[in-house]
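Biologist: I would like to learn how to read the pocket and the sheet of a model, one feature at a time. Could we go through them together with the structure in view?

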Amino acid sequence: MLQTAGNAGRRALNTVRAILQNAGKADPKYRQIRRDNALLQKNVASVPGALALLQLGGFEVEEERLVMKEFDAERVSVVLGCMPSM
């Protein structure tokens with residue numbers, strides 16, 4: 001029910017997709033997200049399973065941040081390949 005309420009599932013997948021795609025950019029700022037980030041909380045953390053997709057893509061949960069220490073294109077590609085296109 002939560003995934004369909006207000007298109008929460010679609011929003012979560014689109015947000016996860018954008019985060020994972022941006023993580024491949026040269027600037028390391030795209031591989032860190034504050035856990036209290038409003039969009040992360042609203043679009044990802046509030047939807048069951050969405051945060052796990054980021055972790056499968058290589059993000060690690062730390063105290064205050066989600067951090068991808070090293071970009072792994074293959075790992076990200078697997079996660080993105082399993083997501084439906086929106």
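**Reading the pocket and the sheet**

Modeller: Keep in mind that this is a predicted model. A good place to start is the lining of the largest pocket, to which H1 gives the most, with four residues.

Biologist: Which elements give two or more residues to the lining of the largest pocket, and how much space lies in that pocket?

Modeller: Helix H1 (8-22), strand S1 (32-34) and helix H2 (38-45) each give two or more residues to the lining, and the space in the largest pocket is about 200 Å³. Among the lining residues are Thr 15, Ile 19, Tyr 30, Ile 33 and Leu 40, and by class the lining has six nonpolar, five polar and one charged residues.

Biologist: Tyr 30 is one of those lining residues; which residue lies over the face of its ring?

Modeller: Lys 25 lies over the face of Tyr 30, at 4.7 Å from the ring centre, whereas a search of the whole structure for aromatic pairs finds zero.

Biologist: How do the strands of a sheet pair, and in what order do the three strands stand here?

Modeller: In general, strands of a sheet pair through backbone hydrogen bonds, either parallel or antiparallel. Here the three strands form an open sheet in the order S1-S3-S2, with antiparallel pairing. S1 and strand S2 (60-61) stand at the edges, each with a single partner strand, so one side of each has no neighbour in the sheet.

Biologist: How many bridges join S2 to S3, and which residue stands opposite Val 61?

Modeller: Two bridges join S2 to strand S3 (residues 65-67), and these strands run antiparallel; opposite Val 61 stands Leu 66 in S3.

Technical notes
Residues are numbered from 1 along each chain as its sequence is written. This is a predicted model: local features need pLDDT of at least 70, side-chain atom pairs count only at pLDDT 80 or more; totals for chains, interfaces and linings use all residues. Side-chain values use heavy atoms; hydrogens and water are left out. On a 1 Å grid over the protein atoms alone, a cavity is a set of points where a 1.4 Å probe fits but cannot get out, and a pocket is an open set with protein on both sides within 12 Å along at least five of seven lines; lining residues have an atom within 4 Å of a point. Grid points are joined across faces, edges and corners, and a volume is the space filled by probe spheres set on the points. Ala, Val, Leu, Ile, Met, Phe, Trp, Tyr, Cys and Pro count as nonpolar, Asp, Glu, Lys and Arg as charged, and the others, Gly among them, as polar. Two strands pair if DSSP finds at least two bridges between them. Rings of Phe, Tyr and Trp (its six-membered ring) pair if their centres lie within 6.5 Å; planes under 30 degrees apart count as stacked, over 60 as edge-to-face and the rest as tilted. A charge sits over a ring if NZ of Lys or CZ of Arg is within 6 Å of the ring centre and within 35 degrees of the ring normal.
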